[in-house]
Amino acid sequence: MASRGTGHGGGEGEESRQYRPTYGGMLEFAVNNTALPVSDEPPSLQPLSTERRAFLANAMQSIMTDPLVQVKRQLQSIQEALEQDDSEETFEILEASLEGLIDYCDNLDIANDFHKLGGFLHLPALFSSTCPRVRCLIAELVATLAQNNPYTQQHLLAAEVLALLLKQLDEDDNDEARVKSLYALSCLIRNMPEAQTKFIEGDGFSHLIRAMQTDIVKLKVKSAFLLSALCASDSSIKDTLGNVGMVEQLVDLFANEHKPSDEHIIGALLVLITDHPKNIMNCLQPELELHTLLQTRIELLEGKEEFQDEMEHCKAIMKICFDSKNDSGQPLPR
C-alpha cells in the first residue's frame, strides 16, 4: 500500500516505496525524492530509475485522464472487490481505490458527481469492512465529500450515513477509525441545522461523552472541540446539553488527575455556560465542588506556560460562576 513516510533524499527503501498516481502522490514522490541542500553548490542530477520513470509516466497519464473516468474506474474496482471474499489482495484494491477517491473528491464538483454515479451505494459495505484501514479511509472519504458541500451533506444524511458514523465512533476497535469517524461527523453536521437535529435525535451527544471518556487523547480533544463548535453556532444547543446533564459530565471528566485533554474539556464547559444562566446554576450544585476543583487546578498550573490557556479557562469559569461569592464558593448574604 501507499507509504506515508516523510523522509527526504531518496534514502534506503525509496526504490520499493509506492505512491498513488494522483496529484497528491506526485507531490509525495517529489518531496521524498528531492535531496535537501547540504551546501551552496547546486545539487547533482541523477538519472531516474526504471521504477521511478514508470511511476511518473503512470501518474502523468492518470492526471491527464478525465477525473470522472478515474472516479468511475475506482467505483468499479470497489464494486468488484466487495463481491470477492476478504483477502489481503481485495483489501489493497479497496484501500488504493478509496485513497484515489479521496484525492479526486476534494473537488466539490467531483464530490457531487461521486454521488450521482452511485458511489453512496457502497458506503454501508465499506463501513462494515473487516479491514481497519478500509474503515478509516471510508470515514475520511465521507469527511472529504461532506466538508463545505451542502449538496453532499444533504444526500449523506438521506443515505443515513450519520448512523454509520455514530456506530463506528462508539464501537470500532481501531482507534484511528474512531477518530476518522468523528472527523467525518464534524464535517457532516457543522453548519447544517438539519443534520444537527438528526444528530441530537440520534443521541449524538451521548456518543460524544463516551468518546471523551476514552483514553484516546485525539478522540477526547476532537469531541470537546466539536461540542464547543456546536454550542457556539447555535445557542439553543446549550439548552439541550444542560437538560441532559452535560455540565456535570464535563466537570467529572477533569475532576481527577490532570490530563493533556483537560484544556479542551474545560474550554467546552466555558462555552457551555457563557451567557447561559441555567447552565451556570448547574455549575453551582454543591456536590460538584467546582469552586474547589477550579481553585486547585489554577494553583497546579500557576507558572506553567504550556498550560496558560487551560488556566485562563479555569479563571473565566470562576469569574462567571463565583464572582459574587465568597472564597468557599457559597453565595454571599444579601
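Are Phe 199 and Phe 205 buried or exposed? Both residues are buried. This report describes them together with other local features of the structure, which is a predicted model.

**Aromatic rings**

A search of the whole structure finds 2 aromatic pairs. The pair formed by Phe 114 and Phe 120 is tilted, whereas the rings of Phe 199 and Phe 205 meet edge-to-face. The table sets out the geometry of each pair.

| Pair | Arrangement | Centre to centre | Angle between the planes |
|---|---|---|---|
| Phe 114 and Phe 120 | tilted | 6.0 Å | 50° |
| Phe 199 and Phe 205 | edge-to-face | 5.3 Å | 85° |

The angle of 85° between Phe 199 and Phe 205 explains the label of that pair, because planes over 60 degrees apart count as edge-to-face. As for burial, Phe 114 and Phe 120 are both buried, and the description also holds for Phe 199 and Phe 205.

An aromatic ring also takes part in an arrangement with a lysine. Lys 116 lies over the face of Tyr 151, at 5.5 Å from the ring centre.

**The surroundings of Lys 259**

Lys 259 belongs to the loop that runs between helix 15 (246–253) and helix 16 (262–273). Its relative accessibility is 17%, so Lys 259 counts as buried; the cut-off for this class is under 20%. Leaving aside residues up to four places away in sequence, Lys 259 touches Lys 220, Leu 253 and Phe 254. With Leu 253 there is a further detail: a polar atom of the Lys 259 side chain lies 3.1 Å from the backbone oxygen of Leu 253. Val 217 is 42 residues from Lys 259 along the chain, and the C-alpha atoms of these two residues are separated by 9.1 Å.

**Two aspartates with positive phi**

Asp 203 is not a glycine, yet it has a positive phi of about 60°. Asp 203 is placed in the loop between helix 11 (193–201) and helix 12 (204–212). With a relative accessible area of 41%, Asp 203 is partly exposed.

Asp 275 likewise has a positive phi of about 60° without being a glycine. The loop that holds Asp 275 lies between helix 16 and helix 17 (277–283). Asp 275 has a relative accessible area of 75% and is therefore exposed, since that class begins over 50%.

Technical notes. Residues numbered from 1 in each chain as written. Predicted model: local features only at pLDDT ≥ 70, side-chain atom pairs only at ≥ 80, totals over all residues. Heavy atoms only, no water. Phe/Tyr/Trp six-rings, centres within 6.5 Å; stacked < 30°, edge-to-face > 60°. Buried < 20%, exposed > 50% of the residue type's maximum accessible area, 1.4 Å probe, protein only. Lys NZ or Arg CZ within 6 Å of the ring centre and 35° of its normal. Helix = DSSP H or I, 4+ residues; strand = E, 2+ residues; numbered from the N terminus. Contact = heavy atoms within 4.5 Å. Polar contact = N/O pair within 3.5 Å; in protein donor to acceptor, adjacent residues only side chain to side chain.
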